[in-house]
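Subject: Structure for you to look through

Hello,

Here is the structure I said I would pass on. Please open it first, then read my notes below alongside it.

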Amino acid sequence: MRLTTLSKPDAHAIVVTLDQALEARGWTLTQLSEATGITLANLSILKTGKARAIRFTTLHAICQALGCQPGDILTYTTTHRGQ
């Protein structure tokens, strides 16, 4: 088996789809903030795709509040934005 070296991670390879998960449930970002205790500012950073990382505790709180799986709010893509 041949192993390949991973290239530098693309900043857009992981896409946050929190907005779709909220919309599907009829929730607002404010409601999610109140349900999780996560600040509106931090949730906004996630929702807009500007986050560079996410803590497992944050992911857990969001999934618990929305009754979803991490894959419902995070996706991996090999297609780069702008292409």
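Two residues are said to be in contact when heavy atoms of theirs lie within 4.5 Å of each other. Keep that in mind for helix H1, where the cover over the buried residues includes strand E1 (14-16), H2, H3 and H4. Please also note that this is a predicted model.

Overall layout

The protein has 4 helices and 2 strands. Read from the N terminus, their order is β-α-α-α-α-β. Of the 83 residues, 27% are buried. The accessible surface is about 6400 Å², and carbon and sulfur atoms hold 54% of that. Among contacts with a separation of 6 or more, 60% join residues that are 24 or more positions apart.

The core

How many residues does the largest nonpolar core have? The count is 16, and the residues with the most contacts inside this core are Leu18, Leu22, Leu32, Leu43, Ile62, Leu66 and Ile73. Four helices give two or more residues each: H1 (18-25), H2 (29-36), H3 (40-47) and H4 (56-66). H4 supplies the largest share, 5 residues.

Ile73 is a good place to start clicking. Setting aside residues up to four places away in sequence, Ile73 touches Val15, Val16, Thr17, Leu18, Ala21, Leu59, Ile62, Cys63 and Cys68.

One of those, Thr17, sits in the loop between E1 and H1. Is Thr17 buried or exposed? Its relative accessibility is 14%, and buried means under 20%, so Thr17 counts as buried. Beyond its neighbours within four places in sequence, Thr17 is in contact with Asp72, Ile73, Leu74 and Thr75.

Helix H1

The buried residues in H1 are Leu18, Ala21 and Leu22. Seen down the helix axis, they fall within an arc of 100°, so they line one face of H1. The background is simple: an α-helix has 3.6 residues a turn, so residues three or four places apart point the same way. On the face of H1 turned away from the buried side are the exposed residues Glu23 and Ala24. After H1 comes Gly26, with a positive phi near 70°.

Helix H2

H2 can be read in the same manner. Leu29, Leu32, Ser33 and Thr36 are its buried residues. Around the axis they cover an arc of only 100°, which means that they are on the same side of H2. These buried residues pack against H1, H3 and H4. Just after H2, Gly37 has a positive phi of about 80°.

Ser33, in helix H2, may be worth a closer look. It is buried because its relative accessible area is 15%, and the cut-off for buried is under 20%. With its neighbours within four places in sequence left aside, Ser33 is in contact with Ile38, Thr39, Leu40 and Leu43.

Ala41 in H3

Ala41 belongs to helix H3. How does Ala41 count, at 49% relative accessibility? The exposed class begins over 50% and the buried class ends under 20%, so Ala41 is partly exposed. From Ala41 to Leu29 the distance is 9.7 Å, C-alpha to C-alpha, and the two are 12 residues apart in sequence.

The cysteines

How many disulfides does a search of the whole structure find? It finds 0. Take Cys63, whose closest cysteine sulfur is in Cys68, at 3.9 Å. A disulfide needs the two sulfur atoms within 2.5 Å, so this pair is too far apart for a bond. Starting from Cys68 leads back to Cys63, at 3.9 Å. Both cysteines are buried: Cys63 has a relative accessible area of 10%, and Cys68 has 8%.

If you want an order for looking, begin with Ile73 and the residues it touches, including Leu18 and Cys63. Then turn to the buried face of H1 and the buried side of H2.

Regards

Technical notes. Residues numbered from 1 in each chain as written. Predicted model: local features only at pLDDT ≥ 70, side-chain atom pairs only at ≥ 80, totals over all residues. Heavy atoms only, no water. Core = buried A, V, L, I, M, F, W, Y, C linked by side-chain atoms within 4.5 Å. Buried < 20%, exposed > 50% of the residue type's maximum accessible area, 1.4 Å probe, protein only. Areas by Shrake-Rupley, 256 points an atom, 1.4 Å probe, with all protein chains shown as cover. Arc of directions from axis to C-beta.
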